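Please open the model in a viewer with residue numbering switched on. The tour below proceeds by selection, each stop stating what to pick and what is found there.

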Amino acid sequence: MELRKAIGNRVISELPTPVGGPTYLVAHACFECRKSWKLADKQAAICPQCRSELSRMGRGFKAPKKSDLEQWKKVEALWRAGFRFPSHESWRRIEPYPERFREVEAFIRENPDHPFRVTD
Ligand SMILES: [Zn+2]
């Protein structure tokens, strides 16, 4: 029961069960094709369309419409700056990501220690 709630109920049945743990699906995006896929974490993250490497977005990532160039630019800029998209429950007490692409630069500058930012 718990597990089913945690992983949601779409797509799961089509995916093989990974060895060594419960299925853990994470949204991966191709900024070139402006599409996203939910993949098991250990799966090779290559875009099925253009074969470029997918970006691991996080479980809470919701892909913009393919035609929404501005939103894709926004999420790509956030991702490149290290911002990730964890599951929705974690967002409550957190400075939300900007709505518009033009706000991203200031947001990045003002949130160097944002809890959803990874540094590598
Ligand atoms: Zn692609």
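Two residues are taken to be in contact if their C-beta atoms, placed from the backbone, lie within 7 Å. With that criterion, select A29: leaving out residues up to four places away in sequence, A29 touches S36, L54, S55, M57, F61 and A63. The model on display is a predicted one.

**The whole chain**

Colour the chain by secondary structure. Three helices and three strands are found, and along the sequence they follow the pattern α-β-β-β-α-α. Of the 120 residues in the chain, 14% are buried. Among contacts with a separation of 6 or more, 54% are between residues 24 or more positions apart.

**The sheet**

Select the three strands next. They form an open sheet in the order β2-β1-β3, with antiparallel pairing. β2 (35-40) and β3 (55-58) stand at the edges with a single partner strand each, so one side of each has no neighbour in the sheet. On average, and with direction ignored, neighbouring strands of this sheet are turned by 40° against each other. Strands of a sheet pair through backbone hydrogen bonds, either parallel or antiparallel.

Restrict the selection to β1 (residues 25-30) and β2. Six bridges join these antiparallel strands. Two positions opposite each other may be labelled here: A27 faces K38 in β2, and A29 faces S36 in β2.

Which residue in the turn of the β1-β2 hairpin has a positive phi? Select R34: the hairpin has four residues between its strands, and phi of R34 in the turn is about 55°. R34 is a residue other than glycine, and its place is in the loop between β1 and β2. R34 counts as partly exposed because it has 19 C-beta neighbours inside 10 Å, whereas 20 or more are required for a buried residue.

**Along strand β1**

Select V26, which is found in strand β1. Is V26 buried or exposed? It has 21 C-beta neighbours inside 10 Å and therefore counts as buried. Apart from neighbours within four places in sequence, V26 is in contact with K38, L39, D41, R56, G58 and R59. Add G60 to the selection and display the C-alpha distance: V26 and G60 are 8.1 Å apart in space, although 34 residues separate them in sequence.

**The nonpolar cores**

Return to A29 and extend the selection to C30, L54, M57, F61 and F85. These six residues make up the largest nonpolar core. A second, separate core has five residues, including W72, V75, F83 and V104. In soluble globular proteins, nonpolar side chains tend to be buried together.

**The loops**

Select R51 in the loop between β2 and β3. Phi of R51 is near 65°, a positive value in a residue other than glycine. R51 is exposed, with 9 other C-beta atoms within 10 Å.

Move to D68, in the loop between β3 and α2 (69-80). D68 counts as partly exposed, as it has 13 C-beta neighbours inside 10 Å. Now select D68 together with R34: these residues lie 34 residues apart along the chain, and their C-alpha atoms are separated by 8.9 Å.

**Helix α2**

Select the 12 residues of α2 and display the distance between the end C-alpha atoms. At 1.5 Å a residue, the helix should span 16 Å, and the ends are 16 Å apart, which agrees.

Which residues of α2 are buried? They are W72, K74, V75 and L78. Viewed down the axis of α2, these buried residues fall within an arc of 160°, so they line one face of the helix. The cover over the buried residues of α2 includes α3 (104-110). Rotate the view to the face turned away from the buried side, which carries the exposed residues L69, E70 and R80.

As the last stop, select G82, which follows α2 and has a positive phi, near 100°.

Notes. Residues numbered from 1 in each chain as written. Predicted model: local features only at pLDDT ≥ 70, side-chain atom pairs only at ≥ 80, totals over all residues. Pairing = 2+ DSSP bridges. Axes fitted to C-alpha atoms, helices over the stretch in contact; angles between N-to-C directions. Core = buried A, V, L, I, M, F, W, Y, C linked by C-beta atoms within 7 Å. Buried ≥ 20, exposed ≤ 12 C-beta atoms within 10 Å, placed from the backbone. Expected span 1.5 Å × (residues − 1). Arc of directions from axis to C-beta.
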